[in-house]
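Thank you all for coming. I would like to walk through one structure with you, going from one group of side chains to the next, and I will begin as soon as it is on the screen.

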Amino acid sequence: MIIDKLFEKVAQNGHVCVGLDTDYSYLPEAFAKRYPDIEEGLFQFNKALIDATIDVSACYKVQIAYYESYGIAGLRAYQRTLAYLRERKAVIIADIKRGDIAKTAEMYAKAHFTGDFEADFITLSPYMGLDSLNPYLPYIQNQNKGIFVLIRTSNEGAKDIEYLPTENNQRVYHVVGQKINEIGKEYIGACGFSSVGGVMGCTHADEAAEIRSMLSSTFFLIPGYGAQGGKAEDIAKYLYKGNGGVVNSSRGILLAYRKQPNGEANFADCSRAEAIRMRDDILNAIK
């Protein structure tokens, strides 16, 4: 199952998920002048970062909104980025956060698990109800795909709904997580985790041990590291025996060159160095 491939990537390369949330304004000035075309510029920037980080990252998360914002040119860059990631045998998470139901959800599943926009995993929102997940499950069962379902996010607004109290002194995200973990038991890989994973922000580490125990077979996509306040020692608490999650960093890696003298000339090397720093930070916390 696809979760076994991701599990092995973590074991080999560490926990870093490189977020290719690429805006054209992120391109170094000289690089942008070399590639003034939106499609070509976005793709060539992504390609350089992929080549620089492929052996020090577990997977790549490509946020579709950044590409949609540039219309057809952006979507062509998105498609080419996905194709290149497949060529490099990377694990791809398409960050699309769909949450509709019935026939519409079937079309989303078809769009992002087949054809031009095919990815290994996609992100989904369950807050219209768990039936919103049903159209994606046959792809997990039959076509080696996976999903990451929003459980507890790292944004401040998570408290508006996800933290509301429910029965038995639980919060909404506890209930959602338990339901996702139960659904996922039908899709457990050899690694012991499910191809039905969860998005779990790392910014509330006091709850980490309880959550990891409660969602024992759920593999986590973990936002919140770095700028949002999550630390490596927080990350370690959401893992199980050093695995069971990947940690996303987008601008921290994409824009690492801006923190270095003359970084523009070696932007890809700066991204690689930041991915290695982040990888080692997490591994040291686990040890």
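Let me start with Glu 182, which has a relative accessibility of 49% and therefore counts as partly exposed. Please keep in mind throughout that this is a predicted model. Glu 182 forms a salt bridge with Lys 185, and the closest N and O atoms of the two are 3.3 Å apart. Lys 185 is also partly exposed, with a relative accessible area of 46%.

That pair belongs to a longer list, since the structure holds 18 salt bridges. As a general matter, side chains of opposite charge can pair when their charged atoms come close.

Which side chain does Lys 61 meet in a salt bridge? The partner is Asp 21, at 3.6 Å from N to O. Lys 61 sits in strand E2, residues 59-63, while Asp 21 sits in the loop between strand E1 (16-19) and helix H2 (29-34), so this salt bridge ties together parts that are 40 residues apart in sequence. Both Lys 61 and Asp 21 are buried. The two also take part in a network of salt bridges, in which Asp 21, Lys 61, Asp 95 and Lys 97 are linked.

Another salt bridge joins Asp 51 and Arg 88, with 2.6 Å between the closest N and O atoms. This pair, too, links distant parts of the chain, as Asp 51 belongs to helix H3 and Arg 88 to the loop between H5 and E3, 37 residues apart. Asp 51 has a relative accessible area of 33% and is partly exposed, and Arg 88, at 30% relative accessibility, likewise counts as partly exposed.

Lys 61 comes up again when we turn to Asn 248, a residue of strand E8, which covers residues 245-249. Is Asn 248 buried or exposed? With a relative accessible area of 12%, Asn 248 is buried. If we leave aside the neighbours within four places in sequence, Asn 248 is in contact with Cys 17, Val 18, Gly 19, Lys 61, Leu 221, Ile 222 and Met 278. There is also a polar contact between the side chains of Asn 248 and Ser 250, at 3.2 Å.

Now to the aromatic side chains, where a search of the whole structure finds 16 pairs. One of them is formed by Phe 43 and Tyr 84, whose ring centres are 6.2 Å apart and whose planes stand at 90°, so the pair is edge-to-face. Because Phe 43 lies in helix H3 (residues 38-53) and Tyr 84 in helix H5 (residues 71-87), the pair ties together parts that are 41 residues apart in sequence. Phe 43 counts as buried at 8% relative accessibility, and Tyr 84 counts as buried at 10%.

For the rings of Phe 45 and Phe 267, the centres are 5.2 Å apart and the planes are at 15°, so this pair is stacked. Phe 45 lies in helix H3 and Phe 267 in helix H13 (residues 267-286), so here the parts tied together are 222 residues apart in sequence. Both of these phenylalanines, Phe 45 and Phe 267, are buried. Elsewhere, ring pairs link Phe 7, Phe 121, Phe 148, Phe 193 and Phe 219 into a cluster.

On the surface, Tyr 127, Ile 161 and Leu 164 make a nonpolar patch of about 270 Å². Of these, Ile 161 is found in helix H8, residues 158-161.

Let me finish with some points on the backbone and the loops. In general, most residues other than glycine have a negative phi. Which positive value does phi take at Ala 102? It is near 55°, and Ala 102, which is found in helix H6, counts as partly exposed at 47% relative accessibility. Asn 144, again not a glycine, has a positive phi of about 60°; this residue lies in the loop between helix H7 (137-142) and strand E5 (146-152), and is partly exposed, with a relative accessible area of 40%.

The last residue is Asp 100, in the loop between strand E3 (92-98) and helix H6 (102-113). Asp 100 is partly exposed, at a relative accessible area of 30%, and, apart from neighbours within four places in sequence, is in contact with Ala 105, Tyr 108, Met 128 and Ser 132.

Notes:
Residues are numbered from 1 along each chain as its sequence is written. This is a predicted model: local features need pLDDT of at least 70, side-chain atom pairs count only at pLDDT 80 or more; totals for chains, interfaces and linings use all residues. Side-chain values use heavy atoms; hydrogens and water are left out. Helices (H or I, at least four residues) and strands (E, at least two) are DSSP runs, numbered from the N terminus. Buried means under 20% relative accessible area, exposed over 50%, partly exposed in between (1.4 Å probe, protein chains only). A polar contact is a pair of N or O atoms within 3.5 Å; within protein, one must be able to donate a hydrogen and the other to accept it, and residues adjacent in sequence count only if both atoms are side-chain atoms. Contact means heavy atoms within 4.5 Å. Patches are made of residues with over 30% relative accessible area and no salt bridge: like charges are joined within 9 Å, nonpolar side chains (Val, Leu, Ile, Met, Phe, Trp, Tyr) within 5 Å. Accessible areas come from the Shrake-Rupley method with a 1.4 Å probe; for residues, only the protein chains shown count as cover. A salt bridge is a side-chain nitrogen of Lys or Arg within 4 Å of a carboxyl oxygen of Asp or Glu. Rings of Phe, Tyr and Trp (its six-membered ring) pair if their centres lie within 6.5 Å; planes under 30 degrees apart count as stacked, over 60 as edge-to-face and the rest as tilted.
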